[in-house]
Amino acid sequence: MSQTILIVGGAGFIGSNFVHHIASQYPNYKIVVLDALTYAGNLENLEFVKDKIIFIKGNIADMNAVSSVFQEYSPQYIVNFAAETHVDRSIVGPQIFLETNVKGTQNLLEACRKMEIKRYLQVSTDEVYGDLGDHFLNDAPQYFTENTPLSPNCPYAASKASADLFVRSYFETYSLPVLITRCTNNYGPYQYPEKLIPFFLFRAMQNQSLPIYGDGKNVRDWLYVKDHCEAIDRVLHHGKIGEVYNIGGHNEKTNLQITEILLEKLGKPKSLITFVEDRLAHDRRYAMDPTKMREQLGWEPRYPFEKWIDETISWYMEHQEWVDRCAKRSEEFRKQNYDQRKEETH
Ligand SMILES: NC(=O)c1ccc[n+]([C@@H]2O[C@H](COP(=O)([O-])OP(=O)(O)OC[C@H]3O[C@@H](n4cnc5c(N)ncnc54)[C@H](O)[C@@H]3O)[C@@H](O)[C@H]2O)c1
């Protein structure tokens, strides 16, 4: 019998890449995408698969909208990507993060509880664990494991951690078949150009300054989005119900290193870099220990950074109109977030 998969938030960056992945790997699945099409959601991201999916515009914070999708399609698999995702936006206005990320997730769980579902997977983030700081123990670097206590520092991370706790509670209380994945920073096609890599790429191409927060030495572990999608697929179909899986690729880079790589690839001067007042509560380092993914599910990253950052740059260069259309939706936020920031020297 054909399975129905509901991909929530499937018009965003990672969600749309996952829709492409499922459409190519599981041609027998009926794919339903539910997305509110906020500033970050974009139907253009689904253009290549539009004949293979059913798209529903709807807000997960609205229980009626969620219930009607569940009643109409009775999905067996549900993967939730929908979220407000931009840390800077969560600092400017945290309320919507509570509504979408926490209430929206709880609505989905509640809808699942009333149906016979096979599996619900919550897509979460390394940010829920807080900050590894610059700390090394006995000279060895530290990593987040699935047992690291949750310690979110910004409203975005707090909302994602809260959602994770609701997911866990529905497993413990109602035996709902849930899974949680927590991944590091992704890069690749269709990322909304407010985020570091596409934002800096486009500014650099137009010879505009690249405003780096603080001293630029904040470390993130960068994973190609297709690796993330394959990992989610693996957890969705083979993960142990009720468990958390950390996803990462041991590809740690500072924001400054990422910026310098982009400048070098574009043949632009380092003088475009400016250091600006730091983000509030800016975590210093995130890094995952993905041992459980490797040992229990046989997953390892397949897309090396050196090659796929080039592919990513080429994709954005070939999709400048897509970026321009996205960027127009961000003008107000960009002014609010960057115009008041003082320059700093480091
Ligand atoms: N981008 C990363 O590097 C990264 C890393 C780890 C985890 N994650 C997690 O992965 C998920 C997807 O991230 P992304 O970068 O693709 O985000 P994104 O901002 O590109 O996309 C979010 C999608 O959710 C939709 N959405 C927002 N509010 C909604 C609502 N109320 N109802 C229905 N749909 C709504 C948007 O329209 C958009 O299509 C998020 O849950 C995020 O926390 C992202």
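**Exercise 1. Place Ser330 in the fold and state whether Ser330 is buried or exposed.**

Step 1. Ser330 sits in the loop between helix H11 (320-328) and helix H12 (331-338). Helices (H or I, at least four residues) and strands (E, at least two) are DSSP runs, numbered from the N terminus. The model is predicted: local features need pLDDT of at least 70, side-chain atom pairs count only at pLDDT 80 or more, and totals for chains, interfaces and linings use all residues. Residues are numbered from 1 along each chain as its sequence is written, and side-chain values use heavy atoms, with hydrogens and water left out.

Step 2. Ser330 has a relative accessible area of 1%, so Ser330 is buried. Buried means under 20% relative accessible area, exposed over 50%, partly exposed in between (1.4 Å probe, protein chains only).

Step 3. Set aside neighbours within four places in sequence. Ser330 is then in contact with Arg89, Tyr192 and Glu194. Contact means heavy atoms within 4.5 Å.

Step 4. Take the C-alpha atoms of Ser330 and Leu150. They are 31 Å apart in space, and the residues are 180 apart in sequence.

**Exercise 2. Is Glu321 buried or exposed?**

Step 1. Find Glu321 in helix H11.

Step 2. Its relative accessible area is 59%, so Glu321 is exposed.

Step 3. Glu321 and Gly93 are 228 residues apart in sequence and 29 Å apart from C-alpha to C-alpha.

**Exercise 3. Describe the surroundings of Thr4 and Glu230.**

Step 1. Thr4 belongs to strand S1 (residues 4-8). Thr4 counts as buried because its relative accessibility is 8%.

Step 2. Leaving out neighbours within four places in sequence, Thr4 touches Lys30, Val32, Tyr73, Ser74, Pro75, Gln76 and Tyr77.

Step 3. Glu230 is part of helix H7 (residues 225-238). With a relative accessible area of 16%, Glu230 is buried.

Step 4. Under the same exclusion of neighbours within four places, Glu230 is in contact with His21, Trp299, Arg302 and Tyr303.

**Exercise 4. Which residues have the most contacts inside the largest nonpolar core?**

Step 1. Fix the term. A nonpolar core is a set of buried Ala, Val, Leu, Ile, Met, Phe, Trp, Tyr and Cys residues joined through side-chain atoms within 4.5 Å.

Step 2. The largest core holds 70 residues; Ile5, Phe18, Ile31 and Val79 have the most contacts inside it. Helix H6 (residues 196-205) gives the largest share of this core, seven residues.

Step 3. Beyond its neighbours within four places in sequence, Ile31 is in contact with Ile5, Ile7, Val19, Ile22, Ala23, Lys52, Ile53 and Ile54.

Step 4. A second, separate core has 31 residues, among them Val69, Ile117, Leu132 and Val167.

**Exercise 5. How many residues surround the ligand, and which are the closest?**

Step 1. The count is 28, and the closest are Asp35, Asn59, Thr85, Tyr156 and Lys160. A residue is counted if one of its heavy atoms lies within 4 Å.

Step 2. Look at oxygen atoms of the ligand. A polar side-chain atom of Lys160 lies 2.6 Å from one. A backbone N or O atom of Gly12 lies 2.9 Å from one. For Thr38, a backbone N or O atom lies at 3.0 Å.

Step 3. Alone, the ligand exposes 830 Å²; the protein buries 96% of that. These areas come from the Shrake-Rupley method with a 1.4 Å probe.

Step 4. Strand S5 gives the largest share of the shell, three residues.

Definitions and conventions. Polar contact = N/O pair within 3.5 Å; in protein donor to acceptor, adjacent residues only side chain to side chain.
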